[in-house]
There are 2 protein chains.
Amino acid sequence: MLITDKKNKNNMDKYVLGIDFGTLSGRSLLIRVENGIEVATSVFDYPHAVMDDLLPDGTKLGVDWALQHPDDYLEVLRQTIPAVLSEASVEPEQVIGLGIDFTACTVLPVKADGTPLCLIPEFSSEPNAWIKLWKHHAAQGEANKLNEIAEERGESFLSRYGGKISSEWLIPKIWQTFNEAPEIYNAADRFIEAADWVIWQLTGNEKRNTCTAGYKAIWHKSEGYPTDEFFSALDPGLKNLVKDKLSADLYPVGSKAGELTDKAAELTGLLAGTAVAVANVDAHVSVPAVGITEAGKMLMIMGTSTCHMVLGEEEKEVPGMCGVVEDGIIEGYYGYEAGQSCVGDHFQWFVENCTPDEYMKEAKEKGVDIHELLTVKAAELKPGESGLLALDWWNGNRSVLVDVDLMGMMLGMSLATKAEEIYRALVEATAYGTRMIIDTFHKNGVPVNELYAAGGIAEKNAFIMQIYADVCKREIRISGSPQAPALGSGMFGAVAAGKERGGYDNIVDAARVMGKLKDIVYRPIEENVKVYDKLFAEYETLHDYFGRGDNDVMKRLKEIKLKSR
Amino acid sequence: MLITDKKNKNNMDKYVLGIDFGTLSGRSLLIRVENGIEVATSVFDYPHAVMDDLLPDGTKLGVDWALQHPDDYLEVLRQTIPAVLSEASVEPEQVIGLGIDFTACTVLPVKADGTPLCLIPEFSSEPNAWIKLWKHHAAQGEANKLNEIAEERGESFLSRYGGKISSEWLIPKIWQTFNEAPEIYNAADRFIEAADWVIWQLTGNEKRNTCTAGYKAIWHKSEGYPTDEFFSALDPGLKNLVKDKLSADLYPVGSKAGELTDKAAELTGLLAGTAVAVANVDAHVSVPAVGITEAGKMLMIMGTSTCHMVLGEEEKEVPGMCGVVEDGIIEGYYGYEAGQSCVGDHFQWFVENCTPDEYMKEAKEKGVDIHELLTVKAAELKPGESGLLALDWWNGNRSVLVDVDLMGMMLGMSLATKAEEIYRALVEATAYGTRMIIDTFHKNGVPVNELYAAGGIAEKNAFIMQIYADVCKREIRISGSPQAPALGSGMFGAVAAGKERGGYDNIVDAARVMGKLKDIVYRPIEENVKVYDKLFAEYETLHDYFGRGDNDVMKRLKEIKLKSR
């Protein structure tokens, strides 16, 4: 919700821009620095969207590819920044800084001057020359080999990533290029996160951020990247990958990357010299947007899947987390990340595949969305009343067990079981999954005392949030902004500008003023907590039985399934 | 399908009548003795159906009651017998015998002359005076106590019934009357199966059958009923129950009960003196109807639930079967019964509660039943292709585990799982349940070499039957008659008449001529068997894990569920 705030506006007010580059579109958000009020927003859909079938010239892509076009990102800047300035009648000179956040790992090969290889005619028909989007999964083979070799060599970095490097991350994606298109690998002077490449285009400086490096490129503040020996073990040809293709010149989030160049000023309609923060990642940048700048508070970004972010004061090995990076979220803290690969997706699956005819009719008659109808019915049930219990693994398990081969499970069905009971059981299962993650952090020295939530589910669904509070036995506060990532980016823009130019000296100060929560707090209801404690104990037993090797039936079924096809 | 067979008919042909008393209606089937051809059938719906709410005089019934009216059974005889004679132009003198089968245990209190207590005005407002139908479940309290006491006393009869006497059976139902309506208990000269009562009305003889006595009244050919000490232990007032209220004068199935009285001749339009067989039970009487008269062949009667009947040459203790009775199905053999409490009910539940809108629309557009649509889609899948596995316990487990508190389970779901995959997994789960029963018989000395199937599913669903053949690794033959119980009853009528009157000397001879199979045989497909062997091994592990005490999560969930209500 935008508050135009016209009454109090004057030409002396300072603004920042937060720009959030998503999977299908980019969004600019214009924010007043002194109070965090969001005065205008503008979204631009990427003309090339996600290329998962063909390149622009018609070259066919393989299975599991997902590419993007660099021009689309620049077009977001060209379109949305003038749009918000104009909508809010804010002058360029009132904008003191900007920050951006991005999907990650979203990576491209470039020449030394920043030119993307995909824009050079001789390379433009080679898929590996293009930007590999975070959800490009065609490097799974490389990821598997990498994990095998790392484990054999006893590489210590594995423990920082829950024991596994994802095929979505930087090194497997580069290795795929090396294997499939050596000419691209050789021609590339750099492989760079799209986030850092956009900053480069804005400032003229290749100033890479520690957040993507830490979470996606196996970089560690004191240990750096993996060793040349490790890369040699992958392939002798990769030995000098770090030296030749990456950059060890990294800047913590909250740093200033530089100022807008004349060229970038022309592109955006802003003034040359406007401060620009180093790039960030969408989930991570949301943490200060809800006001979190200290340890013990976990932010859950809840949508089709959920990201869990929490700050810690020490580096701990938490089994099955996605990653821990010093200064990765807020400078001075260890930023921990975990995730559930399937949250809203469960409910959507159920609606699309298992919701009976008569419920669809009832929703239509009442003029409500089917999720809303199921929610109303499910909300009438008491905890435990359905007798159902599920494991939330319809899309594998990302954190704690880190196992994509795990599958969904539900038990307790009788001939009287109704659709809303199954729907509620799926909601509860995702809450148990979150509690599993919280308990794992907590037991391994990373306290989680309070919960914060952002994203579509947190925004809209009180029924789900109350179940999460009851299951996780913690109060939950909700992001005050529906576009937390863009707000967080804007806050880092204000830090890049600094206090002298009307911004803030650090993200803690910025968060205190610009970070936002709704008034509502979901508090655990004691009566429900008692029942959910019992149900969670059952969940935990089944989680371990099916997930920790007692009965690997899910994996064997998957093998049989793959063979049968 | 009735074949009128007019061309070959003449007035010398002999016929028998098989009368099948079901839950909501009774059916007469007129059959030619020399070839088993079914020439006419007639169904009459009971005017009082199942009384589960009110008595005829408006007296309110409690929860779980299910009563019937004795007049309804006589009305079946009055209506349907003349109807089939007339339809087939068969003269009464051509009908040499009749047999009946019934639901069981369906029991009523009567005076010494056979008058039902419920028809005596002073008792007609007392629910316990009426006929308790097989599915009357209001004696669960008595059944629980009976099982507790029997176990404490180490009563050997328990092992013949899988360790548990059902609340649906005779003794709990009588005990309930004793507890709630002692005046009825005292006024009753007899408690008698409705099946035997109808025979009494037809022949004037109280000639009870060994089938219901053995399967439902804890009677054993050499041990008789439980001892007076046992009944004393239940309640001192029940000490003489056997002597005072039952009859130890029992006749094996295949015996002649007597001949039609003048009164019964008037009721039915048949001739007085027509031979009448002792009564039988619907499932059991179907065994010879498919031609089974020897050990090693199991008949599955497949509908909403499934009954499994197999003959054995010795009395064995098979864990978790429903019962074993000497001469209980075919004289000279031990008749074994097992069951699955939920088969077609699973598929119906899924269709009513989980079938998506678009499938319903597609079925409508194609003008097919939704089960048919799901079947067509599910049939396109290969074994193991869905990755799904379920436990068929949506209504508990009747055989092997004998545990009503077990619940359904399914695992292997992903975001790509489709409705037809779930539907197929439910079909497969019921097939695994059947194989579990077969394996349990087989391992405990009761061989099962071939399968036979009757009932709605066997009749109509080639997809399901092929899966059963593949999972159970045995050929399956299908009943040639869609009304196997009535056909079987008619065959016993022909045996009651005997060879001299144009019938048969024994059921083996009758079955050889009158027993019927379809031409189709479902044979295991080797490729499928290989996959299903693997899947069944997984089913077995989960069956034991959830069903034999390793993880009693289902029971704990049920407790929580009951408490929450």
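## Burial and surface

In this predicted model, 62% of the 565 residues of chain A are buried. Buried here stands for a relative accessible area under 20%. Chain A exposes about 20400 Å² of surface, and 47% of that area is supplied by carbon and sulfur atoms.

## Overall form

Chain A has a radius of gyration of 24 Å. A compact globule of 565 residues would have a value near 24 Å, so chain A agrees with that expectation. Along the principal axes, the C-alpha atoms of chain A fill a box of roughly 70 × 65 × 45 Å.

## Secondary structure and contacts

Chain A contains 20 helices and 22 strands. Many of its contacts link parts that stand apart in the sequence: of the contacts between residues at least 6 apart, 72% join residues at least 24 apart.

## Charges

The side chains of chain A include 57 positive and 85 negative ones. The centre of the positive set and the centre of the negative set lie 2 Å apart.

## Relation between the two copies

A turn of 179 degrees, with a shift of 0.1 Å along the axis, lays chain A on chain B with an RMSD of 0.1 Å. The two copies are therefore related as by a two-fold rotation axis.

The interface can be compared between the copies as well. Of the interface residues of chain A, 100% are also interface residues in chain B, which means that the copies meet through the same surface.

Methods:
Residues numbered from 1 in each chain as written. Chains lettered and ligands numbered in written order. Predicted model: local features only at pLDDT ≥ 70, side-chain atom pairs only at ≥ 80, totals over all residues. Heavy atoms only, no water. Helix = DSSP H or I, 4+ residues; strand = E, 2+ residues; numbered from the N terminus. Rg over C-alpha atoms; globule rule 2.2 N^0.38 Å. Buried < 20%, exposed > 50% of the residue type's maximum accessible area, 1.4 Å probe, protein only. Contact = heavy atoms within 4.5 Å. Areas by Shrake-Rupley, 256 points an atom, 1.4 Å probe, with all protein chains shown as cover. Lys, Arg positive; Asp, Glu negative; His and termini not counted. Charge placed at Lys NZ, Arg CZ, Asp CG, Glu CD. Least-squares fit on C-alpha atoms with pLDDT ≥ 70 in both.
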